[in-house]
Amino acid sequence: MERVSKMTSYPGKKAVAAAAYITGLLAKVPPVALVTGSGLGGIGADMTDTRHISYADIPHFPVSAIKGHAGEIVAGRMGTKDLMVFSGRVHYYEGHAIQTVVFPMQVLAALGTKAVVLTNACGSVNPDFSPGDAVLIQGHLDLMREISLSMREPQRIYDPGLNRQAKKAAGTVGVRLKEGIYAAFSGPSYETPAEIRAAAVMGADMVGMSTVPEATEAHELGLRVMGISFITNLAAGLSQNPLSHKEVIEIADKNLPMFTKLLKQIVQTQDLTES
Ligand code: HPA
C-alpha cells in the first residue's frame, strides 16, 4: 500500500485564512518566529511595540488546554529585531490530529516567515545532561511516526548555520549550550524506563512529546529551523523520583531567567534569516 504523506509543501486554505487575519492586525509581519514550550512563554514580556493576538481569535487556529501554555502570538520587537513569539502550542498527546499540531507552521509559511525557533521542555537521557541545561537540537528521532514523511528525505532539518549562530550567541552570554538528538514520543504518559533505555540505544540524548512534527513540517515548507531543548528532569528510570508535569513546570520556572537570556541573545544579535 502506498504511504501517503500527511505533510504538505505549501500552506492550505485554512492556513492562508489564518495568516490573512494575522497580517491584517500587524503593520509589519516579523520574518522570525519563536515557539515556546511548557512554562517558557514569558519571553514576550521583554518585547517592545507589542501586539497580542489570542490563538482563539485566529480563524482555524488550534488552542491548547494544557496548563502553562498561554495561547497567544506576541508580535513586536526584541531589541532591534522584529519577532513573533508563539506562546503555547498544541500537542499530539492532547488528541489533536498531527495536521492540527503542525497547522501553525503552515500559517508561518503563509505569512512568509523565514526562520522558526522551536523550544521545548524535555527529559534527559544522556548522562552528561542535567535539569537546567539548554541543548541545541542537532537531529531527531521521530518515535511518534504519525507524520509519514514525504518522499523527500528530510535531511538537515535543523539548520547548521542557525545552530552556529545559536552557539555564538550562547557564548557571549556565558550559557553552555550543549548539543544533542531529541526523541519524540507521542505521550501523553511519560516514557517507561525500558523505553528510555531503548531510546538511549537508538542515540537519543533527550526525550519529549513535541517539536518533531513542527520541525519536520516547517522544514518541508522551506523555513529555516532551530530547535532548543530545556532539560527539566532526568528521563524515566534515571532518577529516584517519579516524573510529574508540575515538576517540569517548576524546573522550567526556576531556569526561566537563563532560558530567556539565551533566547533573547539569539534573536537579538543574530540575523536568523541569513547565515
Ligand atoms: N519525557 C517526555 N516529555 C517530557 C519530559 C520527559 O521526561 N520532560 C518534559 N517533557
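**Notebook: strand β5 and residue Val85**

I looked first at strand β5, residues 115-124, in this predicted model. Ten of the ten residues of β5 are buried, so the strand is largely enclosed by the rest of the structure. I noted that the cut-off for a buried residue is 20 or more other C-beta atoms within 10 Å.

I then asked which strands pair with β5, and in which sense, parallel or antiparallel. Strand β1, residues 32-36, runs parallel to β5 and is joined to it by four bridges. Within this pairing I found Ala33 opposite Val116 of β5.

I next examined strand β9, residues 224-234, which pairs with β5 in the parallel sense over ten bridges. Here I recorded Val225 of β9 as the bridge partner of Val116. Val116 thus appears in both entries, opposite Ala33 and bridged to Val225.

I also looked up strand β8, residues 206-208, which runs antiparallel to β5 and is joined to it by two bridges. In this pairing Met206 of β8 stands opposite Ser124.

I turned afterwards to Val85, which I located in strand β4, residues 81-87. Is Val85 buried or exposed? I counted 31 other C-beta atoms within 10 Å of Val85, so this residue is buried.

Which residues does Val85 touch, leaving aside those up to four places away in sequence? I listed Leu34, Thr36, Ile43, Gly44, Ile73 and Val74.

I finally checked Val85 against Gly42. The two residues are 43 residues apart in sequence, and their C-alpha atoms are 9.6 Å apart in space.

How values were computed: Residues numbered from 1 in each chain as written. Predicted model: local features only at pLDDT ≥ 70, side-chain atom pairs only at ≥ 80, totals over all residues. Buried ≥ 20, exposed ≤ 12 C-beta atoms within 10 Å, placed from the backbone. Pairing = 2+ DSSP bridges. Contact = placed C-beta atoms within 7 Å.
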